[in-house]
Amino acid sequence: MEFRFCPHCATPLDRQVRGDRLRPVCPNCGYVHYRNPTAGVAVIVRRDDGALLLGRRGPKAGTGAGQWCIPCGHVEWDEDVRTAALREFAEETGLSVRLTGLAAVESNFHDPRQHTVGIWFHGTVTGGALEPDDDLVELGWFFIGALPELAFVTDRRVIEGLGTP
Ligand SMILES: [Zn+2]
């Protein structure tokens, strides 16, 4: 799981204590590999009757294929989190949205190779046509009391924390 070679100069990494943890350190160029979570973003869209838009994850999604999630994705290196949320939602659902607020922030530990900090926004649809793409193969509206099998425990926690719209 741990990196074995320096990503900058390809020297085999040592293990040294840095900041109270044993971390991979490059003996050649001094690079220290701080293994940090990346950021994920998701947008919660609800109909007037309270149903939520969820997507069923396809084989391209990797984690949780066949199960459902709030449409989500990863923030690119140079991308603002809100821009990422709009982009990912459009890529996966075909819909453009306006973000209307922050819903939740949670730590995701479901992928042992890449932990993430998830940021869930509320959004309202401003245009487009519902069409699953990218990681998703199906889209559907679900009531909180009748959810399908969810891929991520944090999606469930966030949904359970939602009130009536
Ligand atoms: Zn190095």
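**A walk through two pockets and a ring pair**

In this predicted model, a good place to begin is the second largest pocket, whose lining takes at least three residues from each of domain 1 (1-34) and domain 2 (38-160). This pocket has a volume of about 310 Å³. Look for His 33, Arg 35, Asn 36, Arg 113 and Gln 114, which lie nearest its centre among the 14 residues that line it. Sorted by class, the lining of the second largest pocket has 7 nonpolar, 4 polar and 3 charged residues.

Now turn to the largest pocket, which holds about 480 Å³ of space. Its lining is made up of 27 residues, and the closest to the centre are Arg 57, Cys 72, His 74, His 110 and Phe 152. Which elements give two or more residues to this lining? They are the strands β3 (38-45), β6 (72-74) and β8 (116-128), together with the helices α1 (81-93) and α2 (153-160). Strand β8 provides the largest share, 4 residues. By class, the lining of the largest pocket counts 8 nonpolar, 11 polar and 8 charged residues.

Finally, let us look at aromatic rings. The structure holds 1 aromatic pair, formed by Trp 68 and Phe 142. Their rings meet edge-to-face, with 4.8 Å from centre to centre and 75° between the planes; an angle over 60 degrees is what earns that name. Why does this pair tie together parts that are 74 residues apart in sequence? Because Trp 68 sits in strand β5 (residues 68-69), while Phe 142 belongs to strand β9 (residues 136-142). Are these two residues buried or exposed? Both Trp 68 and Phe 142 are buried.

Notes
Residues are numbered from 1 along each chain as its sequence is written. This is a predicted model: local features need pLDDT of at least 70, side-chain atom pairs count only at pLDDT 80 or more; totals for chains, interfaces and linings use all residues. Side-chain values use heavy atoms; hydrogens and water are left out. On a 1 Å grid over the protein atoms alone, a cavity is a set of points where a 1.4 Å probe fits but cannot get out, and a pocket is an open set with protein on both sides within 12 Å along at least five of seven lines; lining residues have an atom within 4 Å of a point. Grid points are joined across faces, edges and corners, and a volume is the space filled by probe spheres set on the points. Ala, Val, Leu, Ile, Met, Phe, Trp, Tyr, Cys and Pro count as nonpolar, Asp, Glu, Lys and Arg as charged, and the others, Gly among them, as polar. Domain bounds come from an automatic or database domain assignment. Rings of Phe, Tyr and Trp (its six-membered ring) pair if their centres lie within 6.5 Å; planes under 30 degrees apart count as stacked, over 60 as edge-to-face and the rest as tilted. Buried means under 20% relative accessible area, exposed over 50%, partly exposed in between (1.4 Å probe, protein chains only).
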